[in-house]
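The following exercises ask the reader to work through a protein structure by residue and by strand. Each task is followed by a solution in steps.

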Amino acid sequence: MSVSTIEYGQLPALLLRAPDGAEATITLYGAHLVSWKPAAATGAPAQERMFMSRLSALDGSRAIRGGVPVIFPQFAERGEGTRHGFARTSTWRVLDSGEQDGAAFAVLGLNQGDLSPQASSAWAYAFELALRVAVHGAELAMALEVRNIGTHPFPFAAALHTYHLVEDVEAVRIAGLQAETLAITDKLDQVFEGIAGAIHFDNGADKLLLQQSGFTDAVVWNPGAADAAALADMDDEEYRNFVCIEPALLGPATLEPGGVWRGEYRISPAV
Ligand SMILES: O=P(O)(O)OC[C@H]1O[C@H](O)[C@H](O)[C@@H](O)[C@@H]1O
């Protein structure tokens, strides 16, 4: 079976397992990718690629701290609504899952009818989201589709807020965001607009290629020691073990009735 239902913490989740051994786990709460393990060489142990805070809530009481939160329809506090939007704290439905071209995949959906009464009255637009996740070999592919199925245009922002697991954040080097290679020496929260090509991410151990389309921007975040200490759902030293590199459409963009927006994202080895 390439896709099975499991519990992650106290949350129902899908475990995707490709024939080559690549794995991913996605909770229905938030359509949140909480684990990704690329296929390992024969006999080698599979290695986790996603950071997950030891103190993260895993019971649906608040957003998960780690993995890949889906940000929609608002980024951070750039709007009047819930911080980073309601997608990461809503429970999605499984639309499809299985195996295709050697990859294990799942598609999760969220629409107006799935929202809490509070969220649905605060953002009263008829929308449909579909998140597709596929794993195969050393590659993770994600695609987020936003549809306007109503009669009014709506504004939205979207991001896949990826928490990459690293051994030491100071060893990280990121190229392709700006003219110079980016290193993280302290707290960093920076927006890079108009990402033109692939991002080269050296996590200190491996070199990865981050490719995005539809998502025009990227946000890089690490809270540093002081901000990490202030986060209730992150251990004080954990900031050393991740960097967020987030494909994003900060916009806000406008989606007309009947319109579809699609953002794609792929992580693969840089060879
Ligand atoms: O604590 P959260 O709501 O999950 O937000 C975590 C972080 O997300 C993004 O990276 C923003 O750019 C940061 O400003 C924010 O601190």
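The exercises below concern this predicted model.

**Exercise 1. The four-stranded sheet**

Determine the strand order of the sheet formed by four strands, and state which strands lie at its edges.

Solution.
- Step 1. The four strands form an open sheet in the order 1-2-3-4, with antiparallel pairing.
- Step 2. Strand 1 (3-8) and strand 4 (32-37) are the edge strands, since each pairs on one side only.
- Step 3. From one strand to the next, the twist averages 25°.

**Exercise 2. Pairing and turns within that sheet**

Trace the pairing from strand 1 to strand 4, giving the number of bridges for each pair of strands.

Solution.
- Step 1. Six bridges join strand 1 to strand 2 (residues 11-17) in the antiparallel sense. Within this pairing, S4 is placed opposite L15 of strand 2.
- Step 2. Strand 2 and strand 3 are antiparallel and share five bridges; L16 has A24 of strand 3 as its bridge partner. These two strands make a hairpin with five residues between them, and G21 in the turn has a positive phi of about 100°.
- Step 3. Strand 3 (residues 23-27) and strand 4 are likewise joined by five bridges in the antiparallel sense. A24 has W36 in strand 4 as its bridge partner, and E23 has K37. The hairpin of strand 3 and strand 4 has four residues between the strands, and G30 takes a positive phi near 85° there.
- Step 4. A24 therefore occurs in two bridges, one with L16 and one with W36.**Exercise 3. Burial in strands 3 and 4**

Is strand 4 largely enclosed or open, and how many of its residues are buried? Examine strand 3 in the same exercise.

Solution.
- Step 1. A residue counts as buried if 20 or more other C-beta atoms lie within 10 Å of its own.
- Step 2. Five of the six residues of strand 4 are buried, so strand 4 is largely enclosed by the rest of the structure.
- Step 3. In strand 3, four of the five residues are buried, and the strand is mostly covered.

**Exercise 4. The largest nonpolar core**

Which residues have the most contacts inside the largest nonpolar core, and which strand gives the most to this core?

Solution.
- Step 1. The largest nonpolar core has 79 residues.
- Step 2. I26, L131, V133, V135 and A158 have the most contacts inside this core.
- Step 3. Strand 18 gives the most to the core, namely eight residues.
- Step 4. If residues up to four places away in sequence are not counted, I26 touches A13, L14, A31, H32, L33, A106, L108 and V133.

**Exercise 5. The ligand shell**

Identify the residues that surround the ligand, and sort the shell by class.

Solution.
- Step 1. Around the ligand are A63, A76, R83, H84, D189, V219, W221, C244 and E246.
- Step 2. By class, this shell has five nonpolar, one polar and three charged residues.
- Step 3. Strand 17 (217-222) and strand 18 (242-255) each supply at least two residues of the shell.

**Exercise 6. The nine-stranded sheet and R173**

Give the order of the sheet formed by nine strands, then describe the surroundings of R173.

Solution.
- Step 1. The nine strands form an open, antiparallel sheet in the order 6-7-8-9-19-16-15-12-13. Its edge strands are strand 6 (93-100) and strand 13 (182-183), each of which pairs on one side only.
- Step 2. Strand 15 (residues 199-202) and strand 16 (residues 207-213) run antiparallel and are joined by four bridges. H200 stands opposite L209 of strand 16.
- Step 3. R173 belongs to strand 12 (residues 173-175). Because 14 other C-beta atoms lie within 10 Å, R173 is partly exposed.
- Step 4. Leaving aside neighbours within four places in sequence, R173 is in contact with T181, A183 and D202.
- Step 5. R173 and D217 are 44 residues apart in sequence and 18 Å apart in space, C-alpha to C-alpha.

**Exercise 7. Backbone geometry**

Locate the cis peptide bonds at P73 and P252, then decide whether H84 and D101 are buried or exposed.

Solution.
- Step 1. The peptide bond joining F72 and P73 is cis, with omega about 0°. P73 is in the loop between strand 5 (70-71) and strand 6.
- Step 2. A cis peptide bond also runs from G251 to P252, with omega near 0°; P252 lies in strand 18.
- Step 3. H84, a residue other than glycine, has a positive phi near 60°. H84 is in the loop between strand 5 and strand 6, and is buried because 23 other C-beta atoms lie within 10 Å.
- Step 4. D101, also a residue other than glycine, has a positive phi near 50°. D101 lies in the loop between strand 6 and strand 7 (103-111), and counts as exposed because there are 8 C-beta neighbours inside 10 Å.

Methods. Residues numbered from 1 in each chain as written. Predicted model: local features only at pLDDT ≥ 70, side-chain atom pairs only at ≥ 80, totals over all residues. Near = placed C-beta within 6 Å. Nonpolar A, V, L, I, M, F, W, Y, C, P; charged D, E, K, R; others polar. Pairing = 2+ DSSP bridges. Axes fitted to C-alpha atoms, helices over the stretch in contact; angles between N-to-C directions. Buried ≥ 20, exposed ≤ 12 C-beta atoms within 10 Å, placed from the backbone. Core = buried A, V, L, I, M, F, W, Y, C linked by C-beta atoms within 7 Å. Contact = placed C-beta atoms within 7 Å.
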